[in-house]
Amino acid sequence: MRFIVIAVGIVAVLFAGTAIVMRLVPMPAEVWHLDPADVTPPDTPNFVLLRGDEAVTRPGTVADVSARIDEIASDDGARLIGGTVAEGHMTYVHRTALMGFPDAISIRVRPAEETGQAAIEVFSRSRFGHSDMGVNDRRVTRWLEQLGS
């Protein structure tokens, strides 16, 4: 019984320590602020990349759509770490609720050719791990749904 108590205590300390480290790990803009149009997709499945023909279009100007994305990201707990809303190129860090694992979400909003809308290119990826169990895809989908059509 004593061994089980000690083992559970060790696991709890490791769990808490990992959560603290993950919340403190830096996400420097010079590394994570990227243009989705220019990235090479990672070899791991823990990312979402929408660009070119896969970019999502929404009605509105680049400025209006960028401001709305910033509001949605902030309301979801993401923090702007690179770029500006004014230029329509932003990178956010979003951390998981329980462990604080960081994900970087780079967004470029540009005028959509000949449509009068804004095209939204997104590169959302996990900093750690091989698989994100669909977290990046669900977040991007949620943000774009909140943005509306």
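## Briefing: P42, S126 and the cores

P42 counts as partly exposed, with a relative accessibility of 30% (buried is under 20% relative accessible area, exposed over 50% and partly exposed in between, with a 1.4 Å probe and protein chains only). You'll find P42 in the loop between α2 (29–32) and β1. The model is predicted, so to speak of local features takes pLDDT of at least 70 and side-chain atom pairs count only at pLDDT 80 or more, while totals for chains, interfaces and linings use all residues. Numbering starts from 1 along each chain as its sequence is written, and side-chain values use heavy atoms, with hydrogens and water left out.

**Overall layout**

- The protein has 4 helices and 6 strands (DSSP runs numbered from the N terminus: H or I of at least four residues for helices, E of at least two for strands).
- Reading from the N terminus, you get α-α-β-β-α-β-β-β-β-α.
- The C-alpha trace spans about 70 × 30 × 30 Å along its principal axes.
- Of the 149 residues in the protein, 38% are buried.
- Take the contacts (heavy atoms within 4.5 Å) between residues at least 6 apart in sequence: 61% of them join residues at least 24 apart.

**Surface and charge**

- About 8400 Å² of the protein is exposed, and carbon and sulfur atoms supply 61% of that area (Shrake-Rupley method, 1.4 Å probe; for residues, only the protein chains shown count as cover).
- There are 14 positive and 19 negative side chains (Lys and Arg against Asp and Glu, leaving out His and the chain ends).
- The centres of these two charge sets sit 11 Å apart, each charge being placed at NZ of Lys, CZ of Arg, CG of Asp or CD of Glu.

**Nonpolar cores**

- In soluble globular proteins, nonpolar side chains tend to be buried together.
- The largest nonpolar core here holds 20 residues, and I69, I107 and I120 have the most contacts inside it (a core is a set of buried Ala, Val, Leu, Ile, Met, Phe, Trp, Tyr and Cys residues joined through side-chain atoms within 4.5 Å).
- At least two residues of this core come from each of β1 (47–50), α3 (62–75), β4 (89–95), β5 (102–111), β6 and α4 (135–147).
- Another core, of 5 residues, lies apart from the largest one, and W32, I81, V93 and A104 are among its members.
- Beyond four places in sequence, I107 has contacts that include its fellow core residues I69 and I120, along with P36, M90, Y92 and W143, among others.

**S126, at the end of β6**

- S126 belongs to strand β6 (residues 117–126) and is buried, at 12% relative accessible area.
- Its side chain makes a polar contact with the side chain of N136, at 3.0 Å (a pair of N or O atoms within 3.5 Å; within protein, one must be able to donate a hydrogen and the other to accept it, and sequence-adjacent residues count only if both atoms are side-chain atoms).
- With neighbours within four places left aside, S126 is in contact with N46, P102, D103, D132 and N136.

**From the β6–α4 loop into α4**

- M133 sits in the loop between β6 and α4 and is exposed, at 70% relative accessibility.
- Phi of M133 is near 55°, positive although the residue isn't glycine; most residues other than glycine have a negative phi.
- G134 lies in the loop between β6 and α4 and is partly exposed at 24%.
- From G134 to P45 it's 8.9 Å, C-alpha to C-alpha, with their places 89 residues apart in sequence.
- V135 is in helix α4 and is partly exposed at 27%.
- The C-alpha atoms of V135 and D103 are 9.3 Å apart, for a separation of 32 residues along the chain.

**Back to P42**

- P42 touches F47 and F123, once residues up to four places away are set aside.
- P42 and R125 are 83 residues apart along the chain, with 8.8 Å between their C-alpha atoms.
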